[in-house]
Amino acid sequence: MKKMDLNNEGLDFVILGTGLTETLLGTDLSLGGKKVLHVDLGSCYGGALSNYNLKNFVTFVDTWKEKSNSNALYKGSCLRNFQTVDKLDLHEELIKSESRNFSLDLIPKVIFSKSKSVNYCLDSGVSFYLEFQNIINNFIFLKGRFMKIPFSKSEVFMNTDLSLAEKRNLVKIINHSLHFYDKYGEKEEEEYRDQNSTHTYEKDIYVTEKEDAEFESYRDKPIAEYLEHHKIDSGLCYILLYALGNVNESQEKPEDISLEKVSTLEFFARISKYLRSIGYYGHTPMLMANYGTSEYVQSFSRVGSLFGAIYMLNDTDLSISDPVIVENKLESIELSLNETPLRPTEGFIVGKEYEHLFTAEETSLFTEETCYPIVCQRMVIVSHIQLSKSEKGPPIFSIPPKAVNEERKFDLDNKHPIRIIQQGFGSGITPRGFYCYHISMIQNFEHKDDFSVLLELKDLLFGHDSVEVIGEGRQENKDVIIQTMMDIIERKKQEEERRNRFNKQKEQEMLDKLEEERQIQEAIKRSLQESEGTIDDQQQNDGKEEVTKVEEEKKEEPEEEEIKIYEYSDLASSDIIYSCVYTQYCRKPDTTPGSKLTKDITNAWVIEDATFDLDLDEYFKIAEEFNKEHLRDKGGQAEFLKRENLPKEEVYGADSEKSDDMLDELEKDIFGDTEDAKEQSSVSETANTDKQDEAEVKVDEEKPEQEENTEEKEAAEDVDDLLDDLLEDN
């Protein structure tokens, strides 16, 4: 591959990696006028948030061990220990024909409707490139089956799975969360507070002085102590912690928590975020990007490239080497496809997966000393089984620790909660009739290679003797899959038949042409012989023998090859098409052994690993804090990811003066500067006046309807207040 010299571009920053945090920082610097180069040794954007079609996903898992020994990106990646569990050879034809219609994430993420992530997407213009679907349902495993989480007070009141005491306690904790977070927590930006919300959770809530004093005493204590003080039973605790609060570690024993020690105030912040996201972009609080989480990375990369950022990705010919450090400053690094060492004027931003390139010698990157004492075990399953029948959006299932159903058929030895995300055709993740399941669970570091709990869960949910755990029933799509496979084989058969017909036609044309040429030659030869009178019986016999030989060769043509039709007995009895497991690590800050990129280096900074949170906000928070600490005086924007003069302002903005000028010019082009123009103008003004009068009449007619809508809204609020009173009285 031909080399180039990127130093001629006047680079200000070189960023190693295209993970979401790196991309956010690069986009912000580009928006601030800096020249940024992203270098990634992978084949696609995203780093640990990459996503692949089915064929490439299977290949990636199968070749991961080999790549981790030869490619610096995979050697330092936080995703390790990939293992294939199920891969049916029967579906080879399916993988070939439908692979491009799959879009499988390595780490799926959700985004809350009212969050900093949404604000940054709007401010930067990235929202133009993204499509979303609502998380349509949120389930929690309680009382032997998955129970649907209510999204509003009226749904809480109508829920038949909760007792009246549980409903009252749930509403009480919800009110406390909203009130105390507003009073003591970090405020959201006011300009986004009431942007779209139509939900009653935005109303002011009042608590007693006694409750206020109680919160003060528990504010910074573990949430488990606060819930125990209010005598919240275990089932309701599971709903609050794992379904509403999206907590990943068990909070039952605070002394055993390794990474996610949730205080009472932090827990209230999670609940407030969940509740106040309801009613913004749908009935539910969470969204997922269509086509996978890597869409965020690619969308921010598009914005960065519009403002001059350069992206270089290559997993075969590209390599990084020979960092030169002089007097606490990283002077340059060697890039295999660049003629000269890269020397940006401002500095280097290094993704955590590339930090090992700056170590003195080979070191162990993933040990108990360098990582937090827990890991996140993950499983990806592609199946035709549909756990939740809703097609309006992906659902989420949460399984609390030590999940057991009433008949003891469902018994898991999980010390931490398990979370399942179901995605399908509506999200652009799979073809119609197929579903992808992302399963994740926290595990202690010493058991990082023990996937027995996830494998047991897979058999319980998707095996031949699987347990019915969802009230609405498990939906099977075997008929759809079989029909899809039949269509594939039928198309293959039709193509083969067309190919055979084409070949036969060509052969026949060639034979006819040869026969025609032979007959012409015979006719010429006969005419010559007749003129000389030398034709004899032997020559006539030779001509007959040639015709007979051609006919015999035609009969000896090979028979049409039989087309193989697959048997579907295995498909009809198999629920899983593909599955694999792998582990996500989280490294501690400043713990890479022998790293030369210490805090003394003034122009090179390392981005730390993200944790295992389901919420995408974590990446934006890391990037924003990194920008404040290291880049604010080097080109980072004061308002992070703020893009001026967005295209939407030009399209939707109401600039009356420009509009009037354009109308005047258009009128002159049509009518000219004559008296006719004046007459036409007066006619148009009269018509406009008539239209305005008609519009005023319509507005007057619509006023009663608007008043009726206001009355309906007030009635709905009265119903909510009445439900609150009923719950409190009981």
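In the predicted model, isoleucine 140 stands opposite serine 398 of strand E17, and this pairing belongs to a parallel arrangement in which strand E8 (residues 137-142) and E17 are joined over four bridges. Serine 398 also has a bridge partner in E18, namely arginine 419, and E17 and E18 are joined by four bridges while running antiparallel. Strand E17, which spans residues 395-399, is mostly covered, with five of its five residues buried. In a regular strand the side chains alternate between the two faces of the sheet. For E17 both faces are covered, since Pro395, Phe397 and Ile399 on one side and Ile396 and Ser398 on the other are all buried.

Arginine 419, the partner of serine 398 in E18, reappears in the description of an enclosed space, as Arg419 is one of the residues nearest the centre of the second largest cavity, together with Asn248, Arg378, Ser440 and Phe612. This cavity holds about 160 Å³ of space, and its lining is made up of 15 residues. The elements that contribute two or more residues to this lining are strand E15 (374-383), strand E18 (418-423) and strand E19 (435-444), and of these E19 gives the most, with five residues. By residue type, the lining of the second largest cavity consists of nine nonpolar, three polar and three charged residues.

Eight cavities of 30 Å³ or more are counted in the model, and the largest of them has a volume of about 400 Å³. The lining of the largest cavity comprises 33 residues, of which Gly46, Gly47, Ala48, Cys78 and Glu353 are the closest to the centre. At least two lining residues each are supplied by helix H1 (20-31), helix H2 (54-70), helix H3 (72-76) and strand E4 (79-87), and the largest share, three residues, comes from H1. The lining of the largest cavity divides into 17 nonpolar, nine polar and seven charged residues.

Helix H1, which gives this largest share to the cavity lining, also lies across strand E1 (13-16), strand E2 (36-40), E11 and E14, and runs at about 160° to E2. These four strands are part of an open sheet of five strands, in the order E11-E2-E1-E14-E22, with parallel pairing. The edges of the sheet are formed by strand E11 (310-313) and E22, each of which pairs on one side only. On average, and with direction ignored, neighbouring strands of this sheet are turned by 15° against each other. At the end of the order given by E22, strand E14 (residues 347-350) is joined to E22 by three bridges in the parallel sense, and valine 350 stands opposite valine 606 of E22. A further helix, H17, lies across E1, E14 and E22, running at about 155° to E22.

Helix H17 is also prominent in the lining of the largest pocket, to which it gives the most, with eight residues. The volume of this pocket is about 1,400 Å³, and among the 45 residues that line the pocket, those closest to its centre are Asp617, Glu618, Lys621, Ile622 and Glu625. Helix H11 (264-276), strand E22 (604-606) and helix H17 (617-631) each supply at least two residues of this lining, so that E22, an edge strand of the open sheet, is likewise represented here. The lining of the largest pocket divides into 17 nonpolar, six polar and 22 charged residues.

The second largest pocket has a volume of about 440 Å³ and is lined by 25 residues, with Ser70, Asn71, Ala72, His356 and Leu357 lying nearest its centre. Two or more residues of this lining come from each of H2, H3 and strand E12 (320-325), and the largest share, four residues, is that of E12. Helices H2 and H3 thus contribute to this pocket as well as to the lining of the largest cavity. By type, the lining of the second largest pocket consists of ten nonpolar, nine polar and six charged residues.

Conventions
Residues numbered from 1 in each chain as written. Predicted model: local features only at pLDDT ≥ 70, side-chain atom pairs only at ≥ 80, totals over all residues. Heavy atoms only, no water. 1 Å grid on protein atoms, 1.4 Å probe; cavity = no way out; pocket = protein on both sides within 12 Å on 5 of 7 lines; lining within 4 Å. Points joined across faces, edges and corners; volume = space filled by probe spheres on them. Nonpolar A, V, L, I, M, F, W, Y, C, P; charged D, E, K, R; others polar. Buried < 20%, exposed > 50% of the residue type's maximum accessible area, 1.4 Å probe, protein only. Pairing = 2+ DSSP bridges. Axes fitted to C-alpha atoms, helices over the stretch in contact; angles between N-to-C directions. Contact = heavy atoms within 4.5 Å.
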